[in-house]
Amino acid sequence: MDNKFYITTPIYYPSGRFHIGTAYTTVLADSLKKYHVLKGEDSYMLTGVDEHGQKIEIKANELGKTPQEYVDEMAKIAKELWNKMNIKYDDFIRTTEERHEKIVQKIFDKFMEQGDIYKGEYEGLYCVPCETFFTESQLVDGKCPDCGREVAPMKEEAYFFNMKKYVDRLLKYYEEHPDFIKPDYRKNEMINNFIKPGLEDLCVTRTSFDWGIKVLKDPKHVMYVWVDALTNYITALGYMSENDTKFKKYWPADLQVVGKDIARFHLIYWPIFLMALDLPLPKTILVHNWITMKDGKMSKSKGNVIYPETLIERYGLDATRYFLLRQVPVSQDGIFSPEEFIERYNFDLCNDLSNLLNRTVSMVNKYFDGNVPSYVGTPNEVDKNLEEYSVEQIQKFEEKLNEYEIANSLQEIWSLISRTNKYIDETMPWALAKEENQDKLKSSMYHLIENLRKIAILIKPFMEDTSDNILRQIGIKDDELKQWKSIKDYTQLKNIKVIEKGEPIFMRLNVDEEVEYLKNAMKK
Ligand code: MSP
């Protein structure tokens, strides 16, 4: 097993405020990165913004700004948001940066020289907001299949990438690399919907707008956004530049996270570009589904958009991150509703997690003045059960996360939390306290603290502050005991003292009031 993990998010269009959908992709990637960090791997995460194209040009015009002024502001806003969401990216690429533009031009030239790109004429139905041409048969009710808006006929001289040349190689690659696409059903979707009907060559330039990277040898053409956008994953690492150490170290990517709407670009065009460059393909491309609302897609006109800031400011970052990851299973759409948000907060975070911590800290204070007894083995029958169960759950958690089933991996952690709460009722420490031999009581306190330590390590990639908070309250100071490699051991805790008075990490919310609050926030 190699010891590096390169993970990327899509680069976002800065064409409006970032909603929880965009935040979801980023939190997902960030959590996976942190999991690999926790495991001691050399992990590197790239995110950024996709700043060219007609949509941005139009938006900037509407605001009376130059496109550059507009994207400068938006890049700052994106960074501020990721900062607020504790996203630990290692690099943030902007497609207007010189380091990107120069290399994209070189890549384009190379494609032309190799004969992969040729000049032709494009005629088709164009959707301006999506910057995409469609054929008649791709339209849905005569409208854009992606955004549902009107399309208009357009014709222009353009360059094309010869996709057909690579189709067989691509299919063979899919066949031979079962881990390349996750979840698996997306592969058949690509084959049946796009490849079998006959893959069209891809139009890769435009003359109808200006805001893009110019083709060096034919500067009235600007590059169509997908050549520009997709190559960010390698230009950011210094591919084809003087300093390509990072490229050599981190490429191919271990995981590229993308939403279902851009699966086609990442599962078909991107691997073909890489083949044309004679580069290895990413190990896995993970396609996730969407967060939707009860009444369908989020949209300003429906008044059902929720922004991450709204949730973070009122309920805290970790509750927000938890909800996003728990609510949207990667392979299905997940619904955001105020009721479910508050319910998960009250049940999962407050009743299950926060109460387990509070009950435990208060009992260790009550029975042992805050000093956690050392391991005395498993004098209770249930202690052994709990140990076995915990180790199994950690195993299941790992299996799910290695398959990138994030919501399910969180579910495994919460099963462990519930089981540990149940353990309190089973051992009844208040009854054990009356026994002459205190071993059983000692053991039950030890197991509770030890399980809280494990739980804190497990949630760390997703909810860093909460994890640190739990470790602080149960008195874990030694760095070794905060690491993944110590997670399965059951015997190591010695000389640990919990804090004198437990501090609740999540407080029960009033359901009606909060649902009302969120409904109002969504209308703004
Ligand atoms: N700029 C392109 C990506 C280029 S990558 C080389 C783009 N940008 S985007 O801003 O429109 O979307 C970025 C990501 O956000 C996509 O992965 C998309 O699926 C995701 N999401 C946008 N809305 C979403 C939800 N409602 N739910 C989950 N993810 C969503 O496409």
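Biologist: Which atom of the ligand does a backbone N or O atom of Ile-11 lie 2.8 Å from?

Modeller: Keep in mind that this is a predicted model. Ile-11 is listed among the closest of the 24 residues that surround the ligand. Its partner, 2.8 Å from a backbone N or O atom of Ile-11, is a nitrogen atom of the ligand.

Biologist: Which residue has a side-chain N or O atom 2.5 Å from an oxygen atom of the ligand?

Modeller: The closest residues around the ligand also include Asp-50, Gly-259, Asp-261 and Ile-291. Ile-291 uses a backbone N or O atom, 2.9 Å from a nitrogen atom of the ligand. The side-chain atom 2.5 Å from a ligand oxygen belongs to Asp-261.

Biologist: On to the helices! Are H5 and H6 roughly parallel or antiparallel?

Modeller: Helix H5 spans residues 167-176 and helix H6 residues 185-195, and their axes come within 11 Å. Those axes cross at roughly 160 degrees. Angles over 145 degrees count as roughly antiparallel, so H5 and H6 are roughly antiparallel.

Biologist: How many nonpolar residues does the contact of H5 with H6 have?

Modeller: From H5, Val-167, Leu-170, Leu-171 and Tyr-174 meet Lys-187, Met-190, Ile-191 and Ile-195 of H6. One residue in this contact is charged and none is polar. The nonpolar ones number seven.

Biologist: Is the crossing of H11 and H19 left-handed or right-handed?

Modeller: The axes of H11 (residues 308-315) and H19 (residues 511-523) cross at roughly 150 degrees, and the two helices are therefore roughly antiparallel. Among the residues that meet there are Leu-311 in H11 and Leu-518 in H19. As for its hand, the crossing is right-handed.

Notes. Residues numbered from 1 in each chain as written. Predicted model: local features only at pLDDT ≥ 70, side-chain atom pairs only at ≥ 80, totals over all residues. Heavy atoms only, no water. Axes fitted to C-alpha atoms, helices over the stretch in contact; angles between N-to-C directions. Helix = DSSP H or I, 4+ residues; strand = E, 2+ residues; numbered from the N terminus. Parallel < 35°, antiparallel > 145°, perpendicular 65-115°, else oblique. Left-handed = near helix turned anticlockwise from the far one by under 90°. Contact = heavy atoms within 4.5 Å. Near = heavy atom within 4 Å. Polar contact = N/O pair within 3.5 Å; in protein donor to acceptor, adjacent residues only side chain to side chain. Nonpolar A, V, L, I, M, F, W, Y, C, P; charged D, E, K, R; others polar.
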